[in-house]
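Visitor: Hi, I'm new to this one. Can you put it up and walk me through it?

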Amino acid sequence: MTRPNNAITRYTAANRVNHWITALCFVLLTLSGLAMFHPMLFFLSGLFGGGQWMRAAHPWIGIVLMASYLGLIIQFWRENLVNRDDVAWMKSIRYVAVNDEEHVPPVGRNNAGQKMVFWSMTLLVPALFFSGLLIWEVYFGAATSIPVQRVAVLVHSLAAIAAILVWVVHVYAAIWIRHSVRAMTQGYVTPGWAWRHHRKWLWELASEQHDKAPPRKHP
Amino acid sequence: MSDLQSQDYVRRSASTLTPPSVRSHEDEVAKLIDVSRCIGCKACQSACMEWNDLRPEVGHFEGSYENPADLGPSVWTLMKFAEHENEQGNLEWLIRKDGCMHCEDPGCLKACPAPGAIVQYANGIVDFISDKCIGCGYCVKGCPFNIPRISKQDHKSYKCTLCSDRVSVGLEPACVKACPTGAIMFGSKTDMKHQAAERIEDLKSRGFDQAGLYDPPEVGGTHVMYVLHHADKPSLYSGLPDKPRISPVVGAWKGFIKPLAVAGIALAAVGAFFHWITAGPNEVTEEDEAEGERVLREADAHEPEKSP
């Protein structure tokens, strides 16, 4: 992979592989889940080889997603701990929305929006997993009573809708903040990107760097 | 009966458009089960197996006359036996033929996500078009009577068809034909209600003050009705629901949440698009790059003096 000399690593190969396994599962689950949720979207079942295949595959993909997301939690929880900067960032959300970054207080590696995506999914993915198990007809159809399954299917739907909305925000933010996608595909950002969007993180990196020997060489 | 074309649908699962319904000039039918005349012989069960070519696995004696123990993918009707001690201290043997009630407002159909897997004909019969069934089990959650059963072999949902194949060619359901006491009757819903009224009058004259018709209005009425000697307490009859209704949980899920959620998701995507074309992408500028570089450069340069 060719990188500019001044590239800063934002996501390691392990981060990225883990993220994209999760992403693939999430997209497949969204397509199959929506197909089973709204009749107008049932045509999406064709992508899975028909309704029966879709119904059979959906829970297994869910298991992979749960396992994969656990990996993301382990890798990312620490950098998503909420701090005072997040409050300041949220208060300036109207400047964030119009790209007026000069009025946005500097934030560390993740901003409050990114943390909200992380913690929402950390809540929703297990909720989807466990409610999904209860309505997995093939293996757990007889494990719980029908009233319990009715609640489970409602919880599953609501959690799924919330997760899809969070996902829309997540995907759009990645497109909107240019070169964020590259951070998750090729793993790096430029110093300018870090300066503009995660200034405190850049300062941290800089101070870590000068603690290390030998110092970083610039051309 | 999916191989015969039906053009008399009044409801079709997971469909947003009007189903083919031109041949809908039909009387609504009903099966009337007069519990007071039932002797529990299970001829109806046998006839159901015979006509529909169903052979459930031979089970074990469970200490009850019920056999098999429960409805199943190949048990579409089941005699249920309940012992009830009445106010006079006498034992009553309440025998009820259980099976699909063919609700006017079917919860299974409402919950079903597969287009056309559950249909209701103009005559009121609710039928599973198994070819289109995906085996998700949503019908089980939608049903207020706990009727549909999913097969472990083919992962399809099954229940009583009210012999829709027989009824469509002018025959009565197999169970009706087999019943030796005339406890099971079949005809237009209006006729069956008249029939029931006569029976109820008779039962009342014989001391069953609470005799009545079970045609629960909460599900819009049913196309399988019971004459009960204790119509005030349907649950005496092996748990026949006193007030059957589609669970409000299912109602919320398949009611307002469904369109609201899809609209919400679509709106979020559209909103994002309009943000893109108004606020636009957030690009890193030349100045940002220069500043970023400066921070890193200064960190390098300051190393010696910052070291303690």
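Guide: Sure. Start with the largest nonpolar core, which has 84 residues. Val35(B), Cys112(B) and Ile118(B) have the most contacts inside this core. Keep in mind that this is a predicted model.

Visitor: Which strand gives the most to this core?

Guide: S11(B) does, with five residues.

Visitor: And what is Cys112(B) in contact with?

Guide: Leaving aside neighbours within four places in sequence, Cys112(B) is in contact with Ser13(B), Ala14(B), Ala117(B), Ile118(B), Tyr138(B) and Cys139(B).

Visitor: How many residues are in the second core?

Guide: That separate core has 17 residues. Phe26(A), Ile61(A), Leu128(A) and Ala163(A) are among them. As a general point, nonpolar side chains tend to be buried together in soluble globular proteins.

Visitor: Back to S11(B). How many of its residues are buried?

Guide: Five of the five residues are buried, so S11(B) is largely enclosed by the rest of the structure. Both of its faces are covered. Val224(B), Tyr226(B) and Leu228(B) sit on one side, with Met225(B) and Val227(B) on the other.

Visitor: What sheet does S11(B) sit in, and what's the strand order?

Guide: An open sheet of four strands, ordered S9-S2-S11-S10 in chain B. The pairing is mixed.

Visitor: Which strands stand at the edges?

Guide: Strand S9 (184-188) and strand S10 (212-214) of chain B. Each has a single partner strand, so one side of each is left without a neighbour in the sheet. From one strand to the next, the twist averages 25°.

Visitor: You said mixed. Do S2(B) and S11(B) run parallel or antiparallel?

Guide: Parallel, joined by four bridges. Look at Leu32(B): its bridge partner in S11(B) is Met225(B).

Visitor: And S10(B) with S11(B), parallel or antiparallel?

Guide: Antiparallel, over three bridges. Leu213(B) stands opposite Val227(B) of S11(B). Tyr214(B) has Tyr226(B) as its bridge partner in S11(B).

Visitor: Which helix lies across those strands?

Guide: Helix H6 (residues 189-205) of chain B. This helix lies across S2, S9, S10 and S11 of chain B, and runs at about 135° to S9(B).

Visitor: What about the sheet of three strands? What's the order there?

Guide: S1-S5-S6, again in chain B. This sheet is open too, with antiparallel pairing. Strand S1 (9-12) and strand S6 (126-128) are the edge strands, each pairing on one side only. Here the twist averages 25° from one strand to the next.

Visitor: How many bridges join S5(B) to S6(B)?

Guide: Three. Gln120(B), for one, stands opposite Val126(B) in S6(B).

Visitor: Let's zoom out. What does the domain assignment give for chain B?

Guide: Domain 1 covers 9-245 and domain 2 covers 257-306. Taken over C-alpha atoms, their centres are 61 Å apart.

Visitor: Now chain A. How many helices and strands are there?

Guide: Ten helices and two strands. The run opens with a strand at the N terminus, then come helices, the other strand, and two helices to finish.

Visitor: And what does chain A span?

Guide: About 65 × 40 × 30 Å along the principal axes of its C-alpha trace. Chain A has 219 residues, and 34% of them are buried. Of the contacts in chain A with a separation of 6 or more, 66% come from residues 24 or more positions apart.

Visitor: How many residues does each chain bring to the contact between A and B?

Guide: 49 from chain A and 49 from chain B. Several helices of chain A each supply at least two residues to that side, including H1 (13-37) and H2 (51-76). H7(A) gives the most, with 13 residues.

Visitor: What kinds of residues are on chain A's side?

Guide: The split is 28 nonpolar, 15 polar and six charged.

Visitor: Last stop, Tyr95(A). Where is it found?

Guide: In helix H4 (residues 93-97) of chain A. Tyr95(A) has 15 C-beta neighbours inside 10 Å, so it counts as partly exposed.

Visitor: What does Tyr95(A) touch?

Guide: Asp100(A), His103(A) and Val104(A), not counting residues up to four places away in sequence. Gly108(A) is 13 residues from Tyr95(A) along the chain, and 17 Å separate their C-alpha atoms.

Key: Residues numbered from 1 in each chain as written. Chains lettered and ligands numbered in written order. Predicted model: local features only at pLDDT ≥ 70, side-chain atom pairs only at ≥ 80, totals over all residues. Domains from an automatic or database assignment. Buried ≥ 20, exposed ≤ 12 C-beta atoms within 10 Å, placed from the backbone. Contact = placed C-beta atoms within 7 Å. Nonpolar A, V, L, I, M, F, W, Y, C, P; charged D, E, K, R; others polar. Pairing = 2+ DSSP bridges. Axes fitted to C-alpha atoms, helices over the stretch in contact; angles between N-to-C directions. Core = buried A, V, L, I, M, F, W, Y, C linked by C-beta atoms within 7 Å.
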